[in-house]
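Hi everyone, thanks for coming. Have the model open on your screen, and let's walk through a few spots in it together.

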Amino acid sequence: MAGPIQAQFATSLKKYYSFYTGGFIAFVVVAGVLEQLGVSNKALGYLFFFATILLYAGIGFMSKTADVAEYYVAGRRVPALFNGMAAGADWMSAASFIGLAGTLYLSGYDGLAFVMGWTGGYCLVALFLAPYLRKFGQFTIPDFLGARYGGNIPRTIGVFAAVLCSFTYVIAQIYGVGIITARFTGLEFGVGVFVGLAGILVCSFLGGMKAVTWTQVAQYIILIFAYMIPVVWLSVKHTGNPVPQISAYTTALPKVSALEKEFNDKTTPKGAAEESVRAIFHERATAAEDRLKGLDAGGAAYLVDEKKKLQARVSELKVASADVRAIDAAERAVRHFPIDPAVARAAWINDREAATARAGPVKAHAEPFPVSGNTPEEVDKARGIAKKNFLALILCLMVGTAALPHILMRYYTTPSVKEARTSVTWSLFFIFLLYFTAPALAILVKFEVYSHLVGSSFTDLPAWVSNWAAVDKTLMNIADINKDGIVQLAEIVIGGDLIVLATPEIAGLPYVISGLVAAGGLAAALSTADGLLLTIANALSHDVYYKMIDPAAPTTRRLVVSKALLLVVALLAAYVTSLKPGDILALVGAAFSLAASAFFPALVLGIFWKRANQLGAILGMAAGLLVCIYYMVVTYPLFGINAPKWWDINPISAGIFGIPVGFIGVIIGSLLSPAPGREVEELVDHVRYPNQAGGARAMGASGT
Amino acid sequence: MELKQNQLAQQNLARKRGAYWNRNLWLTALLLTVWFVVTFVAGWFARELNEITFIGPLGFYMGAQGALIIYVAIIWFYAHYMNKMDEDFGAHEGEGE
């Protein structure tokens, strides 16, 4: 790949993508005109959904290839800038695009663990991995483990870990695709999953990494526009400043903080109104607590008694001929009254927790580790735990970032070591654009809610509130608890995903921008799913089939196997997703901790410590992975074991134990067995010094 | 290609490589320290930092924006410095790679 040709290639890429961006803006403008002409919102939703999926499929079709290097690593000629955009889209998932601002809205400072963790990890990628892996220049991450440590065992563990964490993560993505499709087109969740999947498949199936790369660049452009436009508009509307990343802190945050104080101060009118709502929730929590106590004491007999009491109340109301609604409510209470002790217990614990949460004061948005307790010692202890978990989560997310194979793979695709380094800079820059906007968006929406929604009348709610409350109670739940006709903060429950989805409406933008946001969320989920599915299929086809089962396989057969596997994995992932497994954030967190524990120690020591050898790698990877899995299984409530936590660390940060065990495992295993041979030393030198030839080729691995 | 060179040239190469790798390690350690301080030290003392106002409360601002800007700067500096050092040491990849 000679310089001038590469430079020309970069120039024409810039031209293509400028045209593309212009075309996309024109498309949004046309859709806006259609809306003014009276085209329905649903039709616009379909338009955005199918137009973008067709676009991605089209790019995939144009990039179809039968060349191994193009299929696995996009021909290693993706310029740094474009590789950065592709990595950005690859990286930013549905969780980043839709969930992040919501998490920040709900948890304030403590949610910043995700912002820091998902960006700071790139420092580790840049300093420890990207340039060296690029110099190594093969096809997959298990490839490096196989060449560096020799034998099939490290490679096999690598394949297992790559498939495990990528599969966990891809389910979260496909879930996101299903949700967005269902919301904006009205198709059923399961149908949405498979339609979205078809778009992913056309792309990666025909052109592998090459197609995925060029589609991801296109997806990045859509998603960043979709994220920025509503936030900038909202910022202008509220503060008159078009830079939300500044206005949120200088204008909106001080007002939010002042309102938080007012809501918590019972002597102000707003504070008193809030207090009256909280008192009702406090009563409800106490009532639930009393029922739980009654259940403990009386068992099933207590339930029968209570139900009789409720029935008596219905008859009483009927005799007194109270108003119809009161009778209805009482009858409903009888119908829904749990008669099975286990069901009753679960329901009442749930009631108690929900009511307790809403009975508490407003948490200050900018305050780190807000905790409550009865004594100063209790507060200190709770704060210590919150702080520890905050930092542990950041570390796991960062190390996980630097160990997820679908991200590391992206740095195989640049033309040189130099471009790999520059490309990490671009990657983080493009990711940074979204991540430093999300906290600002959270503050701006909070400002809107605290200053405009709170205090408005229930008969005259803002349009966006009544719209979303009608669509989905889990996203927007608002009820006049204390019957004063005025909205109090404690009367609103907001689901995190609402923040990004509703911003266009809050900012008073036309529906077409909502369609754009949906397209952005879809782009984020699809691009990440693309990269992950390809990683899984490549690990199986390249590392298992080609490297271990049939090294003599001809090129065509390798690609056929890879594509067949891609199809199988994609269908399997879609099937698992359609079963709607648990909590998305838990799945994502698990993927990071698993990757961090399995890969990071063996990869980094493989480059920085020549003495590291096969036994060390096997021991370190297996031990790290096992400790991480063990801790998750015994502590995640999902698995039902609920063992005591180690040092109060939450299961999402299981990597905090897996990572050190991994490092210790590599070191002990290596020192217990003989130093690796001369070829390994040459390989490490090859990886360390950008101009040294040989190495991987001397090891008998196939050249590029 | 090294087999054809004489011993002196090889020793010279080894020395040059040692110097290159050492400088790389120092730079990596330095930047990693910066990374650690803005992430974990600033995170640990976030409540204390919030007493200071810089655009917003400093502890919050660091987590929401400050640390991120420094991360980008760290990676940019590393890429810039190493790419230049490759040329100084004549270690950049040749056309034949």
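Right after α20(A) comes A:Gly508, and its phi is positive, near 75 degrees. A quick word on names: helices (H or I, at least four residues) and strands (E, at least two) are DSSP runs, numbered from the N terminus. What we are looking at is a predicted model, where local features need pLDDT of at least 70, side-chain atom pairs count only at pLDDT 80 or more, and totals for chains, interfaces and linings use all residues. Residues are numbered from 1 along each chain as its sequence is written, while chains are lettered from A and ligands numbered from 1 in the order in which they are written.

Back to α20, residues 498-506 of chain A: is this helix mostly covered or mostly open? It is mostly covered, with nine of its nine residues buried. Buried is a count: 20 or more other C-beta atoms within 10 Å of the residue's own, against 12 or fewer for exposed and partly exposed in between, with C-beta atoms placed from the backbone. Among the buried residues of α20(A) are A:Leu498, A:Thr503, A:Pro504 and A:Glu505.

For the opposite case, find A:Asp323 in the loop between α12 (300-319) and α13 (324-335) of chain A. Why is A:Asp323 called exposed? Because it has 8 other C-beta atoms within 10 Å. The C-alpha atoms of A:Asp323 and A:Gln614 are 78 Å apart, and 291 residues separate the two along the chain.

Now, helix packing. Two packed helices are described by the angle between their axes and the distance between the axes. The axes are lines fitted to C-alpha atoms, for helices over the stretch in contact, and the angles run from 0 to 180 degrees between N-to-C directions. Take α6 (residues 112-136) and α15 (residues 376-401) of chain A, which pack at about 40 degrees with their axes 7 Å apart. That makes α6(A) oblique to α15(A). On the scale used here, under 35 degrees is roughly parallel, over 145 roughly antiparallel, 65 to 115 roughly perpendicular, and the rest oblique. The residues where α6(A) meets α15(A) divide into 13 nonpolar, five polar and no charged. For those classes, Ala, Val, Leu, Ile, Met, Phe, Trp, Tyr, Cys and Pro count as nonpolar, Asp, Glu, Lys and Arg as charged, and the others, Gly among them, as polar.

α6(A) has another partner, α17 (residues 417-435) of chain A, at about 170 degrees and with axes 9 Å apart. That makes the pair roughly antiparallel. Here the contact residues divide into 14 nonpolar, two polar and three charged.

On to the inside. The largest nonpolar core, a set of buried Ala, Val, Leu, Ile, Met, Phe, Trp, Tyr and Cys residues joined through C-beta atoms within 7 Å, has 245 residues. Its largest share, 24 residues, comes from helix α9 (residues 189-239) of chain A.

Finally, chain B. Along the sequence it follows the pattern α-α-β-β-α, and buried residues make up 29% of its 97 residues. How many residues of chain B are in contact with chain A? There are 41, touching 40 residues of chain A, where contact is C-beta atoms, placed from the backbone, within 7 Å. α3(B) gives the largest share of that side, 18 residues. By class, the side of chain B that touches chain A has 25 nonpolar, 11 polar and five charged residues.

Definitions and conventions:
Two residues are in contact if their C-beta atoms, placed from the backbone, lie within 7 Å.
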